[in-house]
Structure formats: structure tokens, C-alpha cells
Amino acid sequence: MSTNREIDFNIFLIGFMGTGKSTVARALQEELQFPLVEMDERIVKEQGMAITEIFERYGEEFFRDIESQLVLSLGMEESAVISCGGGVVLRPQNVSNMKKSGRIVLLTATPETVYERVRYSNDRPVLNGHMNVEYIAGLMEKRRALYEEAADVTVATDGRTCEDICQEILDKLEE
Ligand code: S3P
């Protein structure tokens, strides 16, 4: 990958669960030598509980409140790679806060690809009990406009290597 980069803003990776945000974020971080923030991991650490447990004990709105607080505080950082939770676009305020300090990269994948990537996961409460392609496709469709409207750059991930995906992201961010 070329290393002559002129990126001095936060890169927020968004997209449905299983679109590869965490994996791509790690690769981008290595390439750019930026700090990496994995939003879900940070929430788990701060709350001392798994995401599923937060949902079960306090409900989804509580999780969304913490998520929004975190997005707000991330605006204080500069030049970080941030892997967001898949539901971050559900609140328009999160999107406008992300745009204040960085650019938003949407990763996409088909429902079939997502299913293959997340089918054995049990820490995604939104999919617990609905782990099938039809449900994933329906939820993805419900969220599609939110993802597309938030994105500054969109990159498809199906059947591609991480390196290839990162290259396309960096090329598009530098355009
Ligand atoms: C969610 C996605 C998850 C996590 C939570 C809710 C969602 O993140 O934030 O389970 O609503 O799409 P990943 O996209 O990293 O799995």
C-alpha cells in the first residue's frame, strides 16, 4: 500500500454488523499509524459488561445513550480510526457529531455475507434469536437510507481482501 497520506481527520467506519469494520479499522490504523478506537470494546470496558448484558439489564436505549456520549467525546480526538457499532447511525445527532471531526466511511456487504460472518456470534443482541439471512436482509433494508445518507465514502467488502478494501478507502479519502 502507498504510504504518502494526507489524512489529518478522524475516520469513522460505519456499516451493518459483519461488514468488517473492526478488521478494516485495524488495518487502516497500521497503515496510517493512527490510534484505534473500537467503540463497542470501549463501552464494554467502561461498563464492565458485555454488550448483551448491557441490553438485557438496562435496555437498548441505555446502550444508545452511552454510544452517543462516546461519539461526542471522540470528537475531541484527532486523526484516529474509529470502528463504530452498527447502530450508530440510528441517531442523527451521532452522524452530525462524527462529521464535525472526521469523515464517515460506509462498509457494505450482502445479507448472505453478513450471515456467514456473524452466524456464530452470540454477542449481538440485535440479532439474538433472529440469526438468519431473511432477518438480516430486513433489518439492513430498514437501515439502508440511514447508512447511505451518513456516508462520505462507500466501499463494498464482499469477496475482497482487507488490503484491497483499505486501499480503496484511502484512495477515496484522498480524492
Ligand atoms: C449493533 C451493532 C453492534 C453493537 C450492538 C448493536 C447494531 O456492533 O454496537 O450489538 O444495532 O447494529 P457491531 O456492528 O460492531 O457488531
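Helix 7 gives the second largest pocket the largest share of its lining, four residues. Keep in mind as you look around that this is a predicted model.

**The second largest pocket**

This pocket has a volume of about 160 Å³. Its walls are made by Phe16, Thr19, Leu106, Leu107, Thr108, Ala109, Met140, Arg144, Tyr147 and Glu148. Besides helix 7 (133–150), strand 4 (102–108) also puts at least two residues into the lining. Sorted by class, the lining has six nonpolar, two polar and two charged residues.

**The largest pocket**

Now for the largest pocket, with a volume of about 480 Å³. Here 27 residues form the lining, and Met17, Asp40, Gly85, Gly86 and Arg124 are the ones that lie nearest the centre. Several helices chip in with at least two residues each: helix 1 (21–32), helix 2 (39–47), helix 3 (51–58), helix 4 (60–74) and helix 6 (111–118). The mix of side chains is an even split, with nine nonpolar, nine polar and nine charged residues.

**Where the ligand goes**

Which pocket holds the ligand? The ligand sits in the largest pocket. Around the ligand there are 13 residues, and Lys21, Asp40, Arg64, Arg124 and Arg143 come nearest. Asp40 and Arg124 have already turned up among the residues nearest the centre of the largest pocket. By class, the shell around the ligand is made of five nonpolar, three polar and five charged residues.

A few contacts are worth picking out on screen. Each row below pairs an oxygen atom of the ligand with an N or O atom of the protein.

| Residue | Part of the residue | Distance to a ligand oxygen |
|---|---|---|
| Lys21 | side chain N or O atom | 2.7 Å |
| Arg64 | side chain N or O atom | 2.7 Å |
| Gly87 | backbone N or O atom | 3.3 Å |

So much for single contacts; what about cover? On its own the ligand has 390 Å² of accessible area, and the protein covers 96% of that.

To pull the ligand site together: the ligand lies in the largest pocket, with side-chain atoms of Lys21 and Arg64 each 2.7 Å from a ligand oxygen, and a backbone atom of Gly87 at 3.3 Å.

Definitions and conventions:
Residues are numbered from 1 along each chain as its sequence is written. This is a predicted model: local features need pLDDT of at least 70, side-chain atom pairs count only at pLDDT 80 or more; totals for chains, interfaces and linings use all residues. Side-chain values use heavy atoms; hydrogens and water are left out. On a 1 Å grid over the protein atoms alone, a cavity is a set of points where a 1.4 Å probe fits but cannot get out, and a pocket is an open set with protein on both sides within 12 Å along at least five of seven lines; lining residues have an atom within 4 Å of a point. Grid points are joined across faces, edges and corners, and a volume is the space filled by probe spheres set on the points. Ala, Val, Leu, Ile, Met, Phe, Trp, Tyr, Cys and Pro count as nonpolar, Asp, Glu, Lys and Arg as charged, and the others, Gly among them, as polar. A residue is near a molecule or strand if one of its heavy atoms lies within 4 Å of it. A polar contact is a pair of N or O atoms within 3.5 Å; within protein, one must be able to donate a hydrogen and the other to accept it, and residues adjacent in sequence count only if both atoms are side-chain atoms. Accessible areas come from the Shrake-Rupley method with a 1.4 Å probe; for residues, only the protein chains shown count as cover. A molecule sits in a cavity or pocket if more than half of its atoms lie within 2 Å of its grid points.
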